[in-house]
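Visitor: I am new here. Please show me the structure, and then let me ask how its labels are earned.

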Amino acid sequence: MDVSARTLASLGYDEIRSALASRCRTEMGRERALNRAFLDSAEDIRQSFAQIDEARHLKNEPMTLPFGGLADIRMALDQSEKGAIVEPRELIAICQTLLAFERASEVLAERREKLPRLYEISQSIPVLSRLATRIDRSFEASGEISDRSSDSLREARERVRGIARRIKSRLDDLLRDEKFSSNLQEQYYSIRNDRYVVPVKSSHQREIDGIVHNASQSGQTLFVEPAELISIGNDLAIAQSIVFEEERKVLIELSTEVGREAVAIHNRIRSMARLDELEANAALADDLSATTPTLDVNEGVLQLRGLRHPRLVLKSGSSIVANDVELVN
């Protein structure tokens with residue numbers, strides 16, 4: 001059956017697709033819903049009915065698959081496949097997507113006998129648990145690269161922390177020294193340009209030997225790195241640069257692993273979009289109080305009982321008057 005675009009527009013098909021897309025929980029599902037084809041073969045229609053019935057059964061348990069709030073990671077996957085470094089937040093989003101699909105697969109595996117079609121969709125792509133676990137353990141909840149991600153990174157950070165403790169200890173001693181502290185605007189130290197500094201009265205600059213890294217807007221305070229801390233401050237800067245390089249190595253390794261699996265992950269996303277769209281179909285069917293029709297193309301008779309246009313139901317709800325339609329070939 002060839003249905004023209006004009007006919008579909010007259011039937012309000014785009015509005016139905018929009019209603020379906022609004023019930024999807026991922027961008028990938030919404031794109032799939034907005035581009036949903038008009039089915040014109042009996043087998044495709046029967047298969048679609050069966051899948052939606054299974055999605056409605058899952059919804060009525062009640063149970064939903066863990067796809068809500070997932071980011072669109074497709075651009076990051078494309079970048080990794082080309083050898084680019086993927087940013088931490090994008091790697092975390094990739095990990096969340098992989099873990100969500102794995103949990104969805106487990107949910108459907110437990111219901112494989114009742115939901116064989118949904119289970120088949122979830123099992124069409126191999127599990128990527130190792131990659132998901134590797135990314136997951138590489139980041140803290142804050143999004144910072146974790147010490148667990150690399151022994152070299154952990155050792156480099158421990159060196160930074162050790163040097164920083166030495167600097168802070170010496171600064172504490174200086175602040176307790178009355179002769180030294182009398183030259184300060186306030187009794188504290190801070191960081192300027194990645195160096196530890198103290199707030200020196202501009203009129204006392206000659207009393208504190210060191211490097212001026214910044215000044216207050218009024219010019220009355222100079223932020224000075226004491227001379228005796230310059231050497232250890234240099235050690236800290238070198239140690240921090242090593243940390244930066246180790247973090248970069250972690251990102252390169254993770255990005256490379258993601259790039260190797262990019263095709264498989266893209267396939268997972270397509271499967272996830274199918275499941276998301278099917279759940280949206282179930283939600284829309286429930287909102288419409290729809291029932292699954294029986295399709296028998298050999299009878300030559302079309303009987304529709306309690307027929308309502310979905311577009312009208314979405315706009316006016318239960319006030320729509322249903323009609324019966326019967327066509328005989």
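## How the labels are earned

Guide: At 4% relative accessibility, Cys-95 counts as buried. This is a predicted model, where local features need pLDDT of at least 70, side-chain atom pairs count only at pLDDT 80 or more, and totals for chains, interfaces and linings use all residues. Residues are numbered from 1 along each chain as its sequence is written, and side-chain values use heavy atoms, with hydrogens and water left out.

Visitor: Why is Cys-95 called buried?

Guide: Buried means under 20% relative accessible area, exposed over 50%, and partly exposed in between (1.4 Å probe, protein chains only). Cys-95 has 4%, so the label is buried. Cys-24 has 5%, so Cys-24 is buried too.

Visitor: How many disulfides does a search of the whole structure find?

Guide: The search finds zero. A disulfide is a pair of cysteine sulfur atoms within 2.5 Å.

Visitor: Why is Ser-124 called partly exposed?

Guide: Its relative accessible area is 44%, so Ser-124 falls between the two cut-offs. Ser-124 sits in the loop between helix 7 (116–122) and helix 8 (129–136). Helices (H or I, at least four residues) and strands (E, at least two) are DSSP runs, numbered from the N terminus.

Visitor: What makes Asp-194 exposed?

Guide: Its relative accessibility is 59%, over the 50% cut-off, so Asp-194 counts as exposed. Asp-194 lies in the loop between strand 1 and strand 2. Its phi is positive, about 65°, although Asp-194 is not a glycine. Asn-193 is in the loop between strand 1 (190–192) and strand 2 (195–201). Asn-193 has 53% relative accessible area, so Asn-193 is exposed. Its phi is also positive, about 55°.

Visitor: How far apart are Ser-124 and Asp-194?

Guide: They are 70 residues apart in sequence and 51 Å apart in space, C-alpha to C-alpha.

Visitor: Why is Thr-97 called buried?

Guide: Thr-97 has a relative accessible area of 5%, under the 20% cut-off, so the label is buried. Thr-97 is in helix 6. Not counting residues up to four places away in sequence, Thr-97 touches Leu-70, Ala-71, Ile-73 and Met-272. Contact means heavy atoms within 4.5 Å.

Visitor: What makes a nonpolar core?

Guide: A nonpolar core is a set of buried Ala, Val, Leu, Ile, Met, Phe, Trp, Tyr and Cys residues joined through side-chain atoms within 4.5 Å. The largest has 64 residues, and those with the most contacts inside it are Ile-94, Ile-135 and Ile-265. Helix 6 (residues 88–109) gives the largest share of this core, 10 residues. A second, separate core of 10 residues includes Ala-19, Ala-280, Leu-288 and Val-313.

Visitor: How do you know that the span of helix 12 agrees with what is expected?

Guide: The expected span of a helix is 1.5 Å times one less than its number of residues. Helix 12 (residues 262–287) has 26 residues and should span 38 Å; its end C-alpha atoms are 37 Å apart, so the two agree. Of its 26 residues, 20 are buried.

Visitor: Is the protein spread out or a compact globule?

Guide: The radius of gyration is taken over C-alpha atoms, and the globule rule is 2.2 Å times the number of residues to the power 0.38. For 329 residues the rule gives 20 Å; the protein has 32 Å, well over that, so it is more spread out than a compact globule. Along its principal axes the C-alpha trace spans about 105 × 40 × 35 Å.
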